[in-house]
Each structure stands twice: as C-alpha cells, then as structure tokens.
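Please open the structure in your viewer and keep the selection tool at hand. The tour below goes from the whole chain to a few chosen places, and at each stop it says what to select.

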Amino acid sequence: MKLKKQDILLLAIFLVVAVLLGVGLLLTRSAGATVVVRTGGETVAEFPLDEDRSYTIEGIGGTNTLVIADGTARLEDATCPDQLCVHQGAIQYAGESIICLPNQVTVTIEGETEDTGVDVVAT
C-alpha cells in the first residue's frame with residue numbers, strides 16, 4: 001500500500017494536534033492538596049497530601065492499604081484478587097484517582113479550592 005500526499009498530510013495534522021493536546025494537558029494540571037478516601041460512595045477519610053502516612057481502608061469487599069509519601073498517594077496492598085489498584089501506581093495531581101472495584105474503594109486527589117463566593121455563573 002502506497003501512501004498518498006494527502007494521507008501523509010492528514011497523519012501530520014493528527015500528530016500535531018495530539019502533541020498540542022498533550023502539552024496543554026501537562027501545562028494545565030494542578031497540584032493536589034488533599035487525598036479523599038471513599039468506600040461505597042461515602043467519604044471515610046481525608047488527608048493532606050504533604051504529610052506522610054499509612055492508612056488501612058476497610059472497604060465493602062476487603063481492605064486496602066493507602067500510603068501517602070513524598071507528595072504522592074498509592075495503594076500498597078489490597079485483598080482484591082486482581083490487584084489492579086495496586087499496580088496502578090502513585091497519583092499526585094488534582095483529579096487523579098485510584099479505584100478498587102472489588103472492595104468498592106476510591107482514592108481521589110483534590111486540589112486547593114478558591115472560595116470566590118460564586119457557585120454558578122449564568123448568562
């Protein structure tokens with residue numbers, strides 16, 4: 001199969017757009033401030049991201065061990081059979097999360113919020 005000039009141009013445009021989107025995402029991500037732990041949709045704990053600690057989470061289907069160290073949070077151990085939450089690694093930016101479906105545990109990083117006094121702006 002031979003590539004035509006238009007095919008190469010289209011691939012180049014897609015590559016440039018992908019690189020620009022990636023750079024934009026990297027530049028606009030915000031630092032995390034708080035680690036929020038939820039089980040079954042209910043918030044059970046909140047910790048500052050800048051204080052090192054270890055915490056055992058009693059989930060619906062088992063337990064998970066949360067470790068906060070060096071400004072990152074990760075699940076070090078879990079009783080779930082697939083261990084996907086453990087293998088996901090550390091998170092540190094606002095909006096990132098680790099989810100353990102078998103134990104119904106969610107660990108989310110939240111950023112610092114600025115209280116502007118305005119909830120919604122409508123035009």
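What follows is a walk through the chain as a whole, then a sheet, then the salt bridges, and finally a surface patch.

**The whole chain**

Before selecting anything, keep in mind that this is a predicted model. Show the protein chain as a cartoon, and you should be able to pick out 2 helices and 7 strands, which follow one another from the N terminus in the order α-β-β-β-β-β-α-β-β. Turn the view to look at the overall extent: the C-alpha trace spans about 60 × 45 × 30 Å along its principal axes. The radius of gyration of the protein chain is 20 Å, whereas a compact globule of 123 residues would have one near 14 Å. If you colour by accessibility, 25% of the 123 residues count as buried.

**A sheet of strands**

Next, select residues 53–58, which are strand β3, and residues 72–78, which are strand β5, and add residues 63–69, which are strand β4. Together these 3 strands form an open sheet in the order β3-β4-β5, with antiparallel pairing. Strands β3 and β5 stand at the edges and have a single partner strand each, so one side of each is left without a neighbour in the sheet. From one strand to the next, the twist averages 25°. In general, the strands of a sheet pair through backbone hydrogen bonds, either parallel or antiparallel.

Stay with the pairing of β4 and β5, which runs over 6 bridges in the antiparallel sense. To see one bridge position, select N64 together with A78, its bridge partner in β5.

**The salt bridges**

How many salt bridges does a search of the whole structure find? The search finds 3, and each can be visited by showing the side chains.

Begin with R38 and E110, whose side chains meet in a salt bridge with 3.4 Å from N to O. R38 belongs to strand β1 (residues 32–39) and E110 to strand β7 (residues 105–111), so this pair ties together parts that lie 72 residues apart in sequence. R38 is partly exposed, at a relative accessible area of 24%, and E110 is likewise partly exposed, at 33%.

Move on to R53 and E51, which form a salt bridge in which the closest N and O atoms are 3.1 Å apart. Here R53 has a relative accessible area of 30% and is partly exposed, while E51, with 41%, is partly exposed as well.

Then select E76 and R74, where the side chains meet in a salt bridge at 3.5 Å, N to O. E76 counts as partly exposed at 43% relative accessibility, and R74 counts as partly exposed at 33%.

**A nonpolar patch**

For the last stop, switch on the molecular surface and select L9, I13, V17 and L21, which make a nonpolar surface patch of about 380 Å². In which helix is V17 found? It is helix α1, covering residues 5–28, so selecting that range shows the element that carries V17. V17 itself counts as partly exposed, with 41% relative accessibility, and this can be checked by showing its side chain against the surface.

Technical notes
Residues are numbered from 1 along each chain as its sequence is written. This is a predicted model: local features need pLDDT of at least 70, side-chain atom pairs count only at pLDDT 80 or more; totals for chains, interfaces and linings use all residues. Side-chain values use heavy atoms; hydrogens and water are left out. Patches are made of residues with over 30% relative accessible area and no salt bridge: like charges are joined within 9 Å, nonpolar side chains (Val, Leu, Ile, Met, Phe, Trp, Tyr) within 5 Å. Accessible areas come from the Shrake-Rupley method with a 1.4 Å probe; for residues, only the protein chains shown count as cover. A salt bridge is a side-chain nitrogen of Lys or Arg within 4 Å of a carboxyl oxygen of Asp or Glu. Helices (H or I, at least four residues) and strands (E, at least two) are DSSP runs, numbered from the N terminus. Buried means under 20% relative accessible area, exposed over 50%, partly exposed in between (1.4 Å probe, protein chains only). Two strands pair if DSSP finds at least two bridges between them. Axes are lines fitted to C-alpha atoms, for helices over the stretch in contact, and angles run from 0 to 180 degrees between N-to-C directions. The radius of gyration is taken over C-alpha atoms; the globule rule is 2.2 Å times the number of residues to the power 0.38.
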